[in-house]
Amino acid sequence: MKLENRKLKVAFATLGCRMNQFETSALEEQFAVKGYDITDFESVADIYVINTCTVTNDADRSSRKTIRQAKKRNPNAIVVATGCYAQVSPQELASMEEIDLVIGNSHKTAVFEIVENYINEKFQNKVFIDNIFRENDFKTFFISTFYEGARPILKVQEGCNSFCSFCIIPFARGKVRSAKIQDVINQVKILVDRGYKEIVLTGTQLSQYGYDHKEGNLLDLLKNIVKIEGLYRVRLSSMGINEIDDNLIDFLTQEEKVAPHFHLSIQSADDKVLKDMKRNYTVKEYVEKVEKILKKRPETAIGTDIITGFPTEDDKAFENTVRNVENIPFAYLHVFTYSMRENTSAVKLGDKVPPHVKKERTRILREIGERKSIEFRKRFLDKELEFLIVSEKENYKVGLSGNYIHAKIQTDKPINSVIKAILKDVGKEREDNYAYTEN
């Protein structure tokens, strides 16, 4: 497809997780460096790149909807689908008349090159995908330009070796591949030298970092990172309790540079369902890990993911989940409704829980999650917390504490400043809190 000789506009849309957000940001940087204009996805562009998600059926639908919106906005545009949905179901996406290119995660670092070659009519292929399980090396982009406020997100690991019965992600991301420790250290140093105080480490399953090489595990990586002069805080993304041993817990709870905020997915709080999910732990074992963390560092925020409507989740199992979730001191819950995904072993179980029952169970747990979030934040009312200023609104700054409390603060301090403020008001929404400085 030859496009007229002018500066081309490219727009990006991202569905799903931080990994996708990181990678979209890196793709934007590649196109920008090569002279393309980066424009808003709602605008008319020459090229649309949609970074898809496939974690649930709803994610698939949202991806397809976003693709159709792009082509409708400019019928002459090149529409590119990449990401996890593209990796897992390339032919399904290729059959959509709105799509020009399907580029799997196996080729994600080559998106720019593939699009350029397509523009210059160097091939007629539509689908670019390899077996993701043949990927043995960690492939990353340059320094992340994706930020949550003033916080750079750094991808250090990809893939998962767990193969939980419900999860499509290993088929979309492959087996574990990790960045070399020195490469991570070099990138963190560059970001700190640029003035950033908090770095967020992300990966498909961060606690499996290092499973693919002999350089060391997550604990070894963190011991090196906290030595970097000028680094204020490092925050960790989602981890699994199976990979968190006592040595790691001791470090996470004693090292002040590690944010006291850990996202530990439980997925169900019923032992029978956990076994059927192939999670390889019991509720008791999960609780023991959480209690160890909180005993050593009581201010810690523990977040989790939980799935409702798994095929073997009967009424009794759901009652167990509700009771246990009520008792576990979560700071927040992310609740998802089960979707049957092809290639996963849970497909053999069927989809036994009626949709209306799934919907009601999801509602119940989300209400519990909202209440627990408020209760957690109320524990810190009238207490002084240390906040990193991460963004600026019209009349206030937004601060983020180590234990993941967002607060609106009236201050003249610039973004990236660290200040102490007293939490004075807690709202229903996670970000709807107010803190005040004493001067």
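This is a short tour of a predicted model, stop by stop.

**Before you start**

Residues are numbered from 1 along each chain as its sequence is written. Because the model is predicted, local features need pLDDT of at least 70 and side-chain atom pairs pLDDT 80 or more, while totals for chains, interfaces and linings use all residues; side-chain values use heavy atoms, without hydrogens or water.

**The whole protein**

Show the full chain as a cartoon. The protein has 13 helices and 19 strands. These are DSSP runs numbered from the N terminus: helices are H or I with at least four residues, strands are E with at least two. The radius of gyration is 22 Å, close to the 22 Å that the globule rule gives for 439 residues, so the protein is as compact as a globular protein of that length. That radius is taken over C-alpha atoms, and the rule is 2.2 Å times the number of residues to the power 0.38. Along the principal axes, the C-alpha atoms fill a box of roughly 60 × 55 × 45 Å.

Now colour by accessibility. Buried residues make up 57% of the 439 residues. Buried means under 20% relative accessible area, exposed means over 50%, and partly exposed lies in between (1.4 Å probe, protein chains only).

**Salt bridges**

Side chains of opposite charge can pair when their charged atoms come close. Here a salt bridge is a side-chain nitrogen of Lys or Arg within 4 Å of a carboxyl oxygen of Asp or Glu. The count comes to 30 salt bridges.

Select E158 and K155. Their closest N and O atoms are 3.1 Å apart. Are these two residues buried or exposed? Both E158 and K155 are buried. Add E23, K108, R173 and R177 to the selection: together with K155 and E158, they are linked in a network of salt bridges.

Next, pick D250 and K296. This salt bridge also has its closest N and O atoms 3.1 Å apart. D250 lies in helix α9 (residues 246-254) and K296 in helix α11, so the pair ties together parts that are 46 residues apart in sequence. D250 is partly exposed at 26% relative accessibility. K296 is partly exposed at 44%.

Then go to K424 and D382. They form a salt bridge, with the closest N and O atoms 3.1 Å apart. K424 sits in strand β18 (residues 418-426), and D382 in the loop between α13 (355-378) and β15 (384-392). The two are 42 residues apart. K424 is partly exposed at 43% relative accessibility, whereas D382 is exposed at 54%.

**Unusual backbone angles**

Stay on D382. Most residues other than glycine have a negative phi. D382 is not a glycine, yet its phi is positive, about 65 degrees.

Jump to Q267. Its phi is also positive, about 75 degrees, although Q267 is not a glycine. Look for Q267 in the loop between β12 (261-263) and α10 (271-276). Q267 is buried, with a relative accessible area of 9%.

**A pair from distant positions**

Select I307, in strand β13 (residues 301-308). I307 is buried at 9% relative accessibility. Add F166. The two residues are 141 apart along the chain, and their C-alpha atoms are separated by 9.7 Å.

**Last stop: helix α11**

Select E288, which is in helix α11. E288 is partly exposed, with a relative accessible area of 37%. Add D271, E285 and E291: with E288, they gather in a patch of negative charge on the surface. Helix α11 (residues 283-296) gives the most to this patch, with three residues. Patch members have over 30% relative accessible area and no salt bridge; like charges are joined within 9 Å, and nonpolar side chains (Val, Leu, Ile, Met, Phe, Trp, Tyr) within 5 Å.

Terms used: Accessible areas come from the Shrake-Rupley method with a 1.4 Å probe; for residues, only the protein chains shown count as cover. Lys and Arg count as positive and Asp and Glu as negative; His and the chain ends are not counted. The place of a charge is taken as NZ of Lys, CZ of Arg, CG of Asp or CD of Glu.
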